Amino acid sequence: MGESTAPAPGTKCRAREQAHDRGAIADWFARAHPVPRQAASEWAEYGIALLPLGERFDAIRVPGRLVHAAVGSDQAEVVEPTLDDWLHGPVIRDTRTGSGCYYVLVAADALWEGPADRLRTGTYLAVPRIGKKVSPITYWAVQPQRRGHLCDPAHLAALLSTAETPKAIES
């Protein structure tokens with residue numbers, strides 16, 4: 001008798017679970033939009049939805065050079081797992097300018113006193129579709145893993161404190 005090509009027990013169940021989780025996560029983000037179905041439509045058509053900040057979540061915009069200095073690399077295969085290890089939450093990468101920016105998603109009521117700009121009410125953020133990367137320009141550096149789970153700003157402050165001073169970085 002030949003080897004079985006059937007999936008390992010539980011594989012289909014895990015795949016359904018992950019698909020369900022992605023759907024629940026996408027739904028949670030879509031509900032930040034005044035018309036959640038519009039966000040879902042934008043993700044389906046463009047791979048990106050513009051979501052308002054300030055109620056469900058805020059974003060801390062961190063210049064790429066600062067993240068790269070803290071991590072000690074500008075290589076995605078180093079930066080992304082390091083951000084995941086330190087922040088344990090969703091981070092969006094936007095490479096449209098220079099070394100780009102990272103948008104660390106935090107609770108709207110979370111305290112932030114660090115060296116990066118906090119984006120709040122009145123600002124819209126381009127949020128990539130959950131799941132497979134669709135754009136090399138704006139994408140998840142760290143995918144959200146659970147509905148409503150965001151980064152702790154204290155972890156971001158700790159990571160950024162490991163960077164050399166900005167003056168040393170620029171020399």
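Helix H5 (residues 153-161) lies across strands S2 and S4, running at about 5° to S2. Keep in mind that this is a predicted model. The strands under H5 belong to an open sheet of 5 strands, and that sheet is a handy place to start your tour. After that, we'll look at the helices, the cores and a few single residues.

**The sheet**

- Reading across the sheet, the strand order is S5-S2-S4-S3-S7, and the pairing is antiparallel.
- At the edges you'll find strand S5 (117-119) and strand S7 (138-142), each of which pairs on one side only.
- From one strand to the next, the twist averages 30°.
- A bit of background: strands of a sheet pair through backbone hydrogen bonds, either parallel or antiparallel.
- Strand S2 (residues 58-63) and strand S4 (residues 101-106) are an antiparallel pair joined over 6 bridges.
- Want to find that pairing yourself? Look for Ile 60 opposite Val 104 in S4, and for Asp 58, whose bridge partner in S4 is Val 106.
- S3 and S4 also run antiparallel to each other, this time over 4 bridges, and here Arg 93 stands opposite Tyr 102 in S4.
- S3 and S4 make a hairpin with 6 residues between them, and Gly 98 in the turn has a positive phi of about 40°.

**Strand S4, covered on both sides**

- How many of the 6 residues of S4 are buried? The count is 6 of 6, so to speak a strand that is mostly covered.
- In a regular strand the side chains alternate between the two faces of the sheet.
- On one side of S4 sit Cys 101, Tyr 103 and Leu 105, on the other Tyr 102, Val 104 and Val 106, and all of them are buried.

**Helices around the sheet**

- Helix H4 (residues 76-87) packs on the sheet, where it touches strand S3 (91-94), S4 and S7.
- The direction of H4 makes about 55° with that of S7.
- Helix H3 (residues 64-71) is mostly covered, with 6 of its 8 residues buried.
- Those buried residues are Gly 64, Leu 66, Val 67, His 68, Ala 70 and Val 71, and they pack against S2, H4, S3, S4 and H5.
- Right after H3 comes Gly 72, which has a positive phi near 85°.

**Two nonpolar cores**

- In soluble globular proteins, nonpolar side chains tend to be buried together.
- The largest nonpolar core has 23 residues, and the members that touch the most others are Phe 29, Trp 43, Leu 51, Phe 57, Leu 105, Leu 125 and Val 127.
- Which elements give two or more residues to this core? They are helix H1 (11-30), helix H2 (36-46), strand S1 (48-52), S4 and strand S6 (124-128).
- H1 provides the largest share of this core, 5 residues.
- Leu 125 touches Ala 49, Leu 50, Leu 51, Leu 53, Ala 59, Ile 92, Tyr 103 and Leu 105, if you skip residues up to four places away in sequence.
- There's also a second, separate core of 22 residues, which includes Val 62, Leu 66, Cys 151 and Leu 160.

**Asp 94 up close**

- Asp 94 is located in strand S3.
- Is Asp 94 buried or exposed? Its relative accessibility is 8%, so Asp 94 counts as buried.
- Its side chain makes a polar contact with the side chain of Arg 96, at 2.5 Å.
- Leaving out neighbours within four places in sequence, Asp 94 is in contact with Gly 100, Cys 101, Tyr 103, Ile 137 and Thr 138.

**Cysteines and an unusual backbone angle**

- A disulfide is a covalent bond between the sulfur atoms of two cysteines, but this structure holds 0 disulfides.
- Cys 101 counts as buried because its relative accessibility is 16%, and Cys 151 is buried too, with a relative accessible area of 5%.
- Most residues other than glycine have a negative phi.
- His 88 has a positive phi, near 55°, even though this residue is not a glycine.
- You'll find His 88 in the loop between H4 and S3, where this residue is partly exposed, with a relative accessible area of 46%.

Conventions: Residues numbered from 1 in each chain as written. Predicted model: local features only at pLDDT ≥ 70, side-chain atom pairs only at ≥ 80, totals over all residues. Heavy atoms only, no water. Pairing = 2+ DSSP bridges. Axes fitted to C-alpha atoms, helices over the stretch in contact; angles between N-to-C directions. Contact = heavy atoms within 4.5 Å. Buried < 20%, exposed > 50% of the residue type's maximum accessible area, 1.4 Å probe, protein only. Polar contact = N/O pair within 3.5 Å; in protein donor to acceptor, adjacent residues only side chain to side chain. Disulfide = S-S within 2.5 Å. Core = buried A, V, L, I, M, F, W, Y, C linked by side-chain atoms within 4.5 Å.
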